[in-house]
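Student: I would like a close look at one part of this protein. Please take a single residue as the starting point and work outward from there.

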Amino acid sequence: MAETTDSTALQTDSSALPMLPLPQVIGLTEPQRRGAECVWCSTALTAETARDLGERLTSGGRIWPRGCTPCVCTEARRIFLLHARHCQSCIRNKARCPDRRALRDLALEDRRESC
């Protein structure tokens, strides 16, 4: 049963990844634009350490950014707090907002991995 829960959490987490804003694209290096380095801290990424942020369209073309788990979780926490204060669904009923749940799960992911 735990396997299903973990799988569900990962699906929820990944749905929040496109909600994370990127740093200004003009300031990203080529390795950051193609996902070889974290877009926030420039750490070199591997298939095991990278979180795919999804293909993004920019004024300069397409990029394929990725982030390390600590940076993704930090950014998810920041966006979660902003979302919870401004989302009308969250203001009315926090339990019914799927974006809130996805951001929360993503924000807590690094804590689950380190346990």
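**Cys-68 and its surroundings**

Tutor: Cys-68 sits in strand E4, which covers residues 66–68. The model is a predicted one, and every value below is computed from it. With a relative accessibility of 9%, Cys-68 is classed as buried. Setting aside residues up to four places away in sequence, Cys-68 contacts Cys-38, Cys-41, Leu-45 and Thr-49. The C-alpha atoms of Cys-68 and Cys-41 are 8.2 Å apart, although 27 residues separate the two along the chain.

Several cysteines appear here, which raises the matter of disulfides. A disulfide requires two cysteine sulfur atoms within 2.5 Å, and by that rule the count is zero. For Cys-71, the closest cysteine sulfur is that of Cys-68, at 3.5 Å, so the pair is too far apart for a bond. For Cys-41, the closest cysteine sulfur belongs to Cys-71, at 3.7 Å, which is also too far for a bond. Burial differs between these two: Cys-71 has 16% relative accessibility and is buried, while Cys-41 has 35% and is partly exposed.

Next to Cys-41 in sequence is Ser-42, whose phi is positive, about 65°, although Ser-42 is not a glycine. Most residues other than glycine have a negative phi. Ser-42 belongs to the loop between helix H2 (30–33) and strand E1 (50–52). Its relative accessibility is 36%, so Ser-42 counts as partly exposed.

Cys-68 is also a member of a nonpolar core. That core has five residues, among them Cys-38, Leu-45, Ala-50 and Cys-68. Two of the residues that contact Cys-68, Cys-38 and Leu-45, are thus also named in this core. In soluble globular proteins, nonpolar side chains tend to be buried together.

The five-residue core is separate from another one. The largest nonpolar core has 15 residues, and those touching the most other members are Leu-17, Leu-20, Leu-53, Val-72, Leu-103 and Leu-106. Helices H3 and H5 each give at least two residues to this core. Leu-20 illustrates how distant parts of the sequence meet there: beyond its neighbours within four places, Leu-20 contacts Trp-40, Leu-53, Arg-56, Val-72, Glu-75, Ala-76, Ile-79, Leu-103 and Leu-106.

Helix H3 spans residues 69–86 and helix H5 spans residues 98–107. Strand E4 ends at residue 68, and H3 begins at residue 69. Two packed helices are described by the angle between their axes and the distance between the axes. The axes of H3 and H5 come within 8 Å and cross at roughly 150°, and the crossing is left-handed. On the H3 side, the residues in contact are Val-72, Cys-73, Ala-76, Arg-77, Ile-79, Phe-80 and His-83; on the H5 side they are Asp-99, Arg-100, Leu-103, Arg-104, Leu-106 and Ala-107. By class, this contact has eight nonpolar, one polar and four charged residues.

Ala-107 gives a view of the contact from H5, the helix in which it lies. Ala-107 is buried, at 4% relative accessible area. Apart from residues up to four places away in sequence, Ala-107 touches Cys-73, Ala-76 and Arg-77. The C-alpha atoms of Ala-107 and Thr-74 are 6.6 Å apart, with their positions 33 residues apart along the chain.

Two other strands can be placed in the same way. Asp-52, in strand E1, touches Leu-17, Pro-65 and Arg-66 when residues up to four places away are not counted. Of these, Arg-66 falls within strand E4, residues 66–68, and Leu-17 is one of the named members of the largest core. Thr-58, in strand E2 (residues 56–58), is partly exposed at 22%. Outside its neighbours within four places, Thr-58 contacts Val-25 and Ile-63, and its C-alpha atom is 7.6 Å from that of Val-25, 33 residues away along the chain.

For the chain as a whole, there are six helices and four strands, in the order α-α-β-β-β-β-α-α-α-α. Of the 115 residues, 32% are buried. Among contacts with a separation of 6 or more, 55% join residues 24 or more positions apart.

Terms used:
Residues numbered from 1 in each chain as written. Predicted model: local features only at pLDDT ≥ 70, side-chain atom pairs only at ≥ 80, totals over all residues. Heavy atoms only, no water. Axes fitted to C-alpha atoms, helices over the stretch in contact; angles between N-to-C directions. Left-handed = near helix turned anticlockwise from the far one by under 90°. Contact = heavy atoms within 4.5 Å. Nonpolar A, V, L, I, M, F, W, Y, C, P; charged D, E, K, R; others polar. Buried < 20%, exposed > 50% of the residue type's maximum accessible area, 1.4 Å probe, protein only. Core = buried A, V, L, I, M, F, W, Y, C linked by side-chain atoms within 4.5 Å.
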